[in-house]
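Colleague: Could you walk me through this model before I head back to the bench? I would like to go residue by residue where we can.

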Amino acid sequence: MWPDLIQKAKDGGLDVIQTYVFWNGHEPSPGQYYFEGRYDLVRFIKLVQQAGLYVHLRIGPYVCAEWNFGGFPVWLKYVPGIAFRTDNEPFKAAMEKFTAKIVDMMKSENLFEPQGGPIIMSQIENEYGPIEWEIHAPGRAYAKWAAKMAVGLGTGVPWIMCKQENAPDPIIDTCNGFYCEGFKPHKDYNPKMWTEAWTGWYTRFGGPAPNRPVEDLAFSVARFIQNNGSFVNYYMYHGGTNFGRTAAGRFVATSYDYDAPIDEYGLLREPKWGHLRDLHKAIKLCEPALVSTYPTVSWPGNNLEVHVFKSKSACAAFLANYDTESSATVTFQNKQYDLPPWSVSILPDCKTAVFNTARVRE
């Protein structure tokens with residue numbers, strides 16, 4: 001299914017495929033590695049490259065992901081003296097060995113961007129900030145070690161830590177959530193990135209199938225971009241299925257559909273997929289202005305906000321109405337624009353509204 005799913009993602013306007021690396025799938029017993037079939041990581045990344053897309057490789061190797069044991073192999077639990085995800089020598093030794101194994105495999109196949117490959121970014125750990133805050137000094141020491149270890153592997157691409165407000169330099173901290181427009185990386189010189197824009201939520205046995213309207217998802221992405229956002233990844237764009245005993249957590253179902261733009265079976269979920277495709281087209285039309293300047297922001301009325309990116313050669317505008325119930329009319333450059341409630345209109349030339357997040361084409 002991989003080539004078809006990747007092509008559907010590309011057709012939907014994506015540039016990058018983001019994937020976790022599942023330690024328990026790749027090292028089912030100590031030192032015995034498995035990269036066959038559905039676990040053929042190199043083949044997957046080469047298929048992404050063949051499609052003309054980039055890769056963000058989230059090595060972890062703790063990945064959470066509602067995945068059995070958070071992606072840790074069960075044998076890890078029985079290593080003498082081990083304590084997970086803290087300043088613990090047995091754990092750090094095992095984690096470094098596996099991370100280096102993956103990086104060396106990618107290097108040997110020339111898959112990092114400086115080698116001509118598609119991998120433009122990697123992630124170490126996963127949403128560790130709350131754990132660090134809870135355990136204090138051992139957590140800070142572990143995060144600092146993990147950052148240094150990852151950078152020391154010499155991939156030539158940036159490393160990120162998601163939900164890690166004090167990520168040690170040169171690691172870039174990123175946001176996960178339903179809304180991330182107010183997020184700021186803790187260093188001003190780092191790009192503002194959103195590693196998980198949640199398209200829905202996972203399904204629990206006995207619970208409803210979660211749904212997130214595409215109007216709200218598109219609205220959150222447009223707000224992020226107008227607030228200097230540079231990278232948005234959908235979690236999930238294709239959720240799929242956790243086969244066998246891979247699903248984990250309290251009553252988490254094997255379906256990982258996530259109300260994603262590509263559904264559990266690999267089919268396009270409309271209007272979600274199509275509306276996001278149109279959003280991506282509109283944003284890319286704004287690219288010359290977005291990458292050349294910071295926006296000027298004005299507030300023409302209550303719950304109204306206008307962001308204008310204007311350089312010598314380009315101009316793009318985002319007109320936002322934050323009222324959840326009432327439509328609004330905004331006058332911008334002597335022209336009126338009607339904005340539905342809770343919506344953003346995108347004007348790639350500062351004149352024509354080519355897309356509004358709340359107007360879904362049937």
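Colleague: How many residues apart are Lys8 and Asp4 in helix H1?

Modeller: Happy to start there, and keep in mind that this is a predicted model. Lys8 and Asp4 both sit in helix H1, which covers residues 2-11. They are separated by about one helical turn because their spacing in this helix is 4 residues.

Colleague: Which residue forms a salt bridge with Lys8, and is Lys8 buried or exposed?

Modeller: Lys8 has a relative accessible area of 18%. Buried means under 20%, so Lys8 counts as buried. Asp4, at 40%, is partly exposed. The closest N and O atoms of the bridge are 2.9 Å apart, and the partner of Lys8 is Asp4.

Colleague: Where in the chain do Arg85 and Glu125 lie, and how many residues apart are they in sequence?

Modeller: These two form a salt bridge, with the closest N and O atoms 2.8 Å apart, and both residues are buried. Arg85 is in the loop between strand E2 (54-60) and H4, while Glu125 is in the loop between strand E3 (119-124) and helix H5 (129-135). The pair therefore ties together parts of the chain whose separation in sequence is 40 residues.

Colleague: Which residue forms a salt bridge with Lys272?

Modeller: Lys272 belongs to helix H8 (residues 272-285), and its partner is 13 residues away, in the loop between strand E7 (229-235) and H8. Lys272 is buried, with a relative accessible area of 4%, and the partner is buried as well, at 8%. Their closest N and O atoms are 2.7 Å apart, and the partner is Asp259.

Colleague: Which residues are linked with Asp259 in a network of salt bridges?

Modeller: The structure holds 15 salt bridges. Lys272 and Asp259 form one of them, and they also belong to a network. The residues linked with Asp259 there are Asp257, Arg269 and Lys272.

Colleague: Turning to the nonpolar side, how many residues does helix H4 bring to the largest nonpolar core?

Modeller: That core has 83 residues, and those with the most contacts inside it include Ile45, Leu57 and Met106. Met106 touches Ile45 and Leu57, and among its other contacts are Leu41, Phe112 and Ile119. Helix H4 spans residues 89-108 and gives the largest share of this core: 9 residues.

Colleague: How many residues are in the other core that lies apart from it?

Modeller: Among the members of this other core are Trp67, Met236, Tyr256 and Tyr258. The core has 14 residues.

Colleague: What is the relative accessible area of Cys180, and where does Cys180 lie?

Modeller: Leaving aside neighbours within four places in sequence, Cys180 is in contact with Cys175, Lys192, Trp194 and Phe224. Its relative accessible area is 1%, so Cys180 is buried. As for location, Cys180 is in the loop between strand E5 (172-177) and strand E6 (192-198).

Colleague: What separation do the C-alpha atoms of Cys180 and Pro73 have?

Modeller: Along the chain, Cys180 and Pro73 are 107 residues apart. In space, the separation of their C-alpha atoms is 32 Å.

Colleague: Last one: which residues make the nonpolar surface patch with Val74?

Modeller: Val74 is found in the loop between E2 and H4. With 46% relative accessibility, Val74 counts as partly exposed. The patch covers about 390 Å², and the residues that make it with Val74 are Phe69, Tyr78 and Phe84.

Terms used:
Residues numbered from 1 in each chain as written. Predicted model: local features only at pLDDT ≥ 70, side-chain atom pairs only at ≥ 80, totals over all residues. Heavy atoms only, no water. Helix = DSSP H or I, 4+ residues; strand = E, 2+ residues; numbered from the N terminus. Buried < 20%, exposed > 50% of the residue type's maximum accessible area, 1.4 Å probe, protein only. Contact = heavy atoms within 4.5 Å. Core = buried A, V, L, I, M, F, W, Y, C linked by side-chain atoms within 4.5 Å. Salt bridge = Lys/Arg side-chain N within 4 Å of Asp/Glu carboxyl O. Patch = residues over 30% accessible without salt bridge, like charges linked within 9 Å, V, L, I, M, F, W, Y side chains within 5 Å. Areas by Shrake-Rupley, 256 points an atom, 1.4 Å probe, with all protein chains shown as cover.
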